[in-house]
Amino acid sequence: ENRHSHFSHRAAHPTYYFFFPTPLPMPLTQAQIDLLDRVGADYKNGLTSTVASTRRNEDAAEGSEGLNTVPPPLNCPSWVCCLLPCIKHIPSMKLFRTIEPDDAEVLRNNGKWIRYDAASLVKGDIIRLSEGDTVPADCTLLALGMDPDRTIELADGDYVRGAEEEEEEEMLVDVSSITGEKKPRSSSQRSDGTVKPIQLFYGGQVLQGSGVAVVTATGSHTLLSTLIREGRWPPKGDLTEELGSTGDDEQDLEQGISLLSSRQE
C-alpha cells in the first residue's frame, strides 16, 4: 500500500517492521476461532496489503468512505468551522477529539508488525494494543501481551506459557466515553491458556496491560459512529444493557462473541 497517496490528509507516520520466529499456536476459544473465520482474519500472518486494499474498496463501493474514520457529532464543512470556531468548543466535539485514534500497530504481509494510520485499518486486521493506546477500531481481544504466539503446545494438547510470561497479566480498557459504563473492561488469562474475550470499541483507552485483538468493525460500522448517527452520543448513562454489550459474566462473554460472529455474515 502507498500510505502517502491514500492517506495524505493525515499526518504521516514512520513505518516499523517487527519480525518474530515461526509462530507457535495461541489457544483460542471456539467463539474466537469462529469470529476469526467470519471476518476473514489470518491470526498467524495478518492480511496482505492487497486483501486490505480490496476490503477498503468494497466498503467504499457500499457507500461508506472506505476509511476507518468516524464523522464528528457536528460534521460541518471546514469553512463553517473556520467562521464559527466556537463549534470546536462544544462539549461533544471536545470529547470526540480526545478519543480519536491516531495510529495503530497491525499485522500484515506474512507476520510483519507495521505501524499505520488508524484510518487504514479494515475488518479482519490483527492489531496490538498497549497501555496508553486509543483503541483504533471495534475489536475483540484474542490474547494478552504483545506477542500472540508466546505459548507452546505440548504433545498432550496442553498449553504452557514461556518462562518470561509466567506472571499473570491483566488488561484494563476504559470504554466509558463510548458506552457510559463506569468500570473499565478487564481481561486476564484463564487456566486453559485462553483469555476473557472482551469486546472493545473505537475510541476506548487502554489503561493497563497489552493485548492482541481482531478488528470487527471500522469507520461508519463502529459502535461510536452508530451512536453519533442516532443522537445517543455522548452517553447520558450506561448503555450496555440497551446495546446488548457483554459484561463480566464469562458465559455472557462467550455468547456475546458468538452473536458478534453471526452478525459478520
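Accessible area here comes from the Shrake-Rupley method with a 1.4 Å probe. By that method, the accessible surface of the protein chain comes to about 13,000 Å². Carbon and sulfur atoms hold 50% of that surface. Keep in mind throughout that this is a predicted model.

**Whole chain**

Start with the cartoon view. The protein chain carries 9 helices and 11 strands. Color by burial next: of the 265 residues, 47% are buried. Then turn to contacts. Among those between residues at least 6 apart in sequence, 71% join residues at least 24 apart.

**Stop 1: helix H2**

Select residues 30–38, which form helix H2. Show side chains. Ala31, Gln32, Leu35 and Leu36 are the buried residues to pick out here. They sit on the same side of H2, because the arc they cover around the axis is only 140°. An α-helix has 3.6 residues a turn, so residues three or four places apart point the same way. Now rotate to the face of H2 turned away from the buried side. Gln30 and Asp37 are there, and they are exposed.

Step just past the end of H2 and select Gly40. Its phi is positive, at about 70°.

**Stop 2: Leu47**

Continue to Leu47, in the loop between H2 and helix H3 (49–61). Is Leu47 buried or exposed? It is buried, because its relative accessible area is 4%, under the 20% cut-off. Select its surroundings. Beyond four places in sequence, Leu47 touches Gly40, the glycine from the previous stop, and Ala41. Its other partners include Arg55, Leu107, Arg108 and Asn109. The run Val122, Lys123, Gly124 and Asp125 also touches Leu47. Draw a distance from Leu47 to Val122. The two are 75 residues apart in sequence, yet their C-alpha atoms lie 9.3 Å apart.

**Stop 3: Pro27 and the loop at Thr194**

Go back along the chain to Pro27, in the loop between helix H1 (3–6) and H2. Pro27 is buried, with a relative accessible area of 5%. What separation do the C-alpha atoms of Pro27 and Gly193 have? It is 6.0 Å, across 166 residues of chain.

Follow that link and select Thr194. This residue lies in the loop between strand E8 (185–188) and strand E9 (199–200). Thr194 is buried too, at 4% relative accessible area. Show its side chain with that of Asp192: a polar contact of 2.6 Å joins them. Which residues more than four places away does Thr194 touch? They are Pro27, Leu28, Thr29, Ser188 and Gln189.

**Stop 4: the open sheet**

From Ser188, move into the strands. Select E8, E7 and E10. They form an open sheet of 3 strands in the order E8-E7-E10, paired antiparallel. E8 and strand E10 (205–208) are the edge strands, each pairing on one side only. Look across the sheet: neighbouring strands are turned by 25° against each other on average, direction ignored.

Zoom in on one pair. Strand E7 (residues 170–174) and E8 are joined by 4 bridges, in the antiparallel sense. To find the register, select Glu170; it stands opposite Ser188 in E8. Ser188 is also one of the residues that Thr194 touches.

**Stop 5: Glu181**

Now select Glu181, in the loop between helix H6 (176–179) and E8. Glu181 is buried, with a relative accessible area of 10%. Show polar contacts. The side chain of Glu181 meets that of Thr179 at 2.6 Å. A second polar contact, of 2.9 Å, runs from the Glu181 side chain to that of Arg185. Outside four places in sequence, Glu181 touches Val175, Ser176, Asp238 and Thr240.

**Stop 6: strand E11**

Finish at strand E11, residues 210–217. How many of its 8 residues are buried? The count is 8 of 8. Add the strands that pair with it. Strand E3 (residues 126–130) runs antiparallel to E11, with 5 bridges between them. Select Ile127 and Ala213 to see one partner pair, with Ala213 in E11. Then add strand E4 (residues 138–144), which is antiparallel to E11 over 6 bridges. For this pairing, select Leu144; its bridge partner in E11 is Gly211.

Conventions:
Residues are numbered from 1 along each chain as its sequence is written. This is a predicted model: local features need pLDDT of at least 70, side-chain atom pairs count only at pLDDT 80 or more; totals for chains, interfaces and linings use all residues. Side-chain values use heavy atoms; hydrogens and water are left out. Helices (H or I, at least four residues) and strands (E, at least two) are DSSP runs, numbered from the N terminus. Buried means under 20% relative accessible area, exposed over 50%, partly exposed in between (1.4 Å probe, protein chains only). A polar contact is a pair of N or O atoms within 3.5 Å; within protein, one must be able to donate a hydrogen and the other to accept it, and residues adjacent in sequence count only if both atoms are side-chain atoms. Contact means heavy atoms within 4.5 Å. The arc is that of the directions from the helix axis to the C-beta atoms. Two strands pair if DSSP finds at least two bridges between them. Axes are lines fitted to C-alpha atoms, for helices over the stretch in contact, and angles run from 0 to 180 degrees between N-to-C directions.
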